[in-house]
Amino acid sequence: MPEGHILHRLARLHQRRFAGAPVAVSSPQGRFEAGAAMVDGQSLLRAEAWGKHLFHHYARGPIVHVHLGIYGHFTEFGLADGGVPDPVGQVRMRMLGAEYGTDLRGPAACEVVDEAQVADVIARLGPDPLRADADPSLAFKRIAKSRKSIAALLMDQSVLAGVGNVYRSEVLFRHRIDPYRPGVEIGEADFAAIWADLAALMKVGLRRGNIVVVRPEDDHGAPAYAAGKPRTYVYRRAGDPCRLCGAAVRTAELQGRNVFWCPSCQS
């Protein structure tokens, strides 16, 4: 599932490509046909992200809400060469501007909502490390009262918005925190360090389009877990030696997702 930096990156891209002018919106697949008709031809005022949610605000009031889920993704194409291409696959929503177009496939949600419904979505989310208006104290208050593991809490979007499995596993390794430590045992200083690190790492992801978590001095040795991916300390490295101490990286299922950690560095 795309993590929060991808949604913020998409919001910036759509703001740059489409905002301030009328946009043609359609649903080649047909599943978003009624919603597309509500915004087709309107000017896109702004695109913004909250955690893993993307919102397109249109001039006459409607808002398109997108949650990519596990399989959703946007693909972009230019219109200068060859005009508008035929849709390929199950395109839920197509947006066409003056110079660019984009197709959305496979989202968990693509719907037209109003401001009250947007407020309801945001009210269910914890603070987003990529938003300037985020209040990390709201997340710490929930963590400090919970007996759940810190690994589970970091993935709970009502506690922190936008953090996914890679950032969760990696930030806990970077701060030598056992993923099974209960939230009530996470001190305020520990959480402040986690928050600051997440904000910094996710800003790098927003800028570069890739998750980069390994410090330069540790960026050597075993290759990344997959071709074209940056190195990680523990994520998807189960059984491999820890980059720092050599102990075998462990993994276990936690609330339906695999968490990764070094039993030595994070003891």
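## Where H6 meets H7

Let's start with two helices that touch. From H6, the residues Tyr167, Val171, Leu172 and Arg174 meet Ile194, Asp197, Leu198, Leu201, Met202 and Gly205 of H7. Sorted by character, the residues of this contact come out as seven nonpolar, one polar and two charged. Keep in mind that this is a predicted model.

Two packed helices are described by the angle between their axes and the distance between the axes. For H6 and H7, the angle is about 130° and the axes are 10 Å apart. That makes H6 oblique to H7, because an angle over 145 degrees would be needed to count as roughly antiparallel, and 65 to 115 would be roughly perpendicular. As for handedness, H6 passes H7 in a right-handed crossing.

## The largest nonpolar core

In soluble globular proteins, nonpolar side chains tend to be buried together. Here, the largest nonpolar core has 40 residues, and Leu160, Tyr167 and Leu172 are the ones with the most contacts inside it. Which elements give two or more residues to this core? They are helices H4 (136-144), H5 (150-155), H6 (165-174) and H7 (188-208), along with strand S10 (257-261). H7 gives the most, with seven residues.

Now zoom in on Leu160. Setting aside neighbours within four places in sequence, Leu160 is in contact with Gly126, Pro127, Ala139, Leu154, Trp195 and Leu198. Leu198 also turns up among the H7 residues that meet H6, and Tyr167 and Leu172 are on the H6 side of that meeting.

## A second core

Apart from the largest core lies another one, made of 22 residues. Leu10, Phe32, Ala49 and Met95 are among them.

## Two residues with positive phi

Most residues other than glycine have a negative phi. Arg236 goes the other way, with a phi near 55°. You'll find Arg236 in the loop between H7 and strand S9 (250-254). Is Arg236 buried, exposed or partly exposed? Its relative accessibility is 47%, so Arg236 counts as partly exposed; the range for that label lies between under 20% for buried and over 50% for exposed.

Gln255 has a positive phi too, near 50°. This residue sits in the loop between S9 and S10. Gln255 has a relative accessible area of 57%, so it counts as exposed.

Methods
Residues are numbered from 1 along each chain as its sequence is written. This is a predicted model: local features need pLDDT of at least 70, side-chain atom pairs count only at pLDDT 80 or more; totals for chains, interfaces and linings use all residues. Side-chain values use heavy atoms; hydrogens and water are left out. A nonpolar core is a set of buried Ala, Val, Leu, Ile, Met, Phe, Trp, Tyr and Cys residues joined through side-chain atoms within 4.5 Å. Buried means under 20% relative accessible area, exposed over 50%, partly exposed in between (1.4 Å probe, protein chains only). Helices (H or I, at least four residues) and strands (E, at least two) are DSSP runs, numbered from the N terminus. Contact means heavy atoms within 4.5 Å. Axes are lines fitted to C-alpha atoms, for helices over the stretch in contact, and angles run from 0 to 180 degrees between N-to-C directions. Angles under 35 degrees count as roughly parallel, over 145 as roughly antiparallel, 65 to 115 as roughly perpendicular and the rest as oblique. A crossing is left-handed if the near helix is turned anticlockwise from the far one by less than a right angle, and right-handed if clockwise. Ala, Val, Leu, Ile, Met, Phe, Trp, Tyr, Cys and Pro count as nonpolar, Asp, Glu, Lys and Arg as charged, and the others, Gly among them, as polar.
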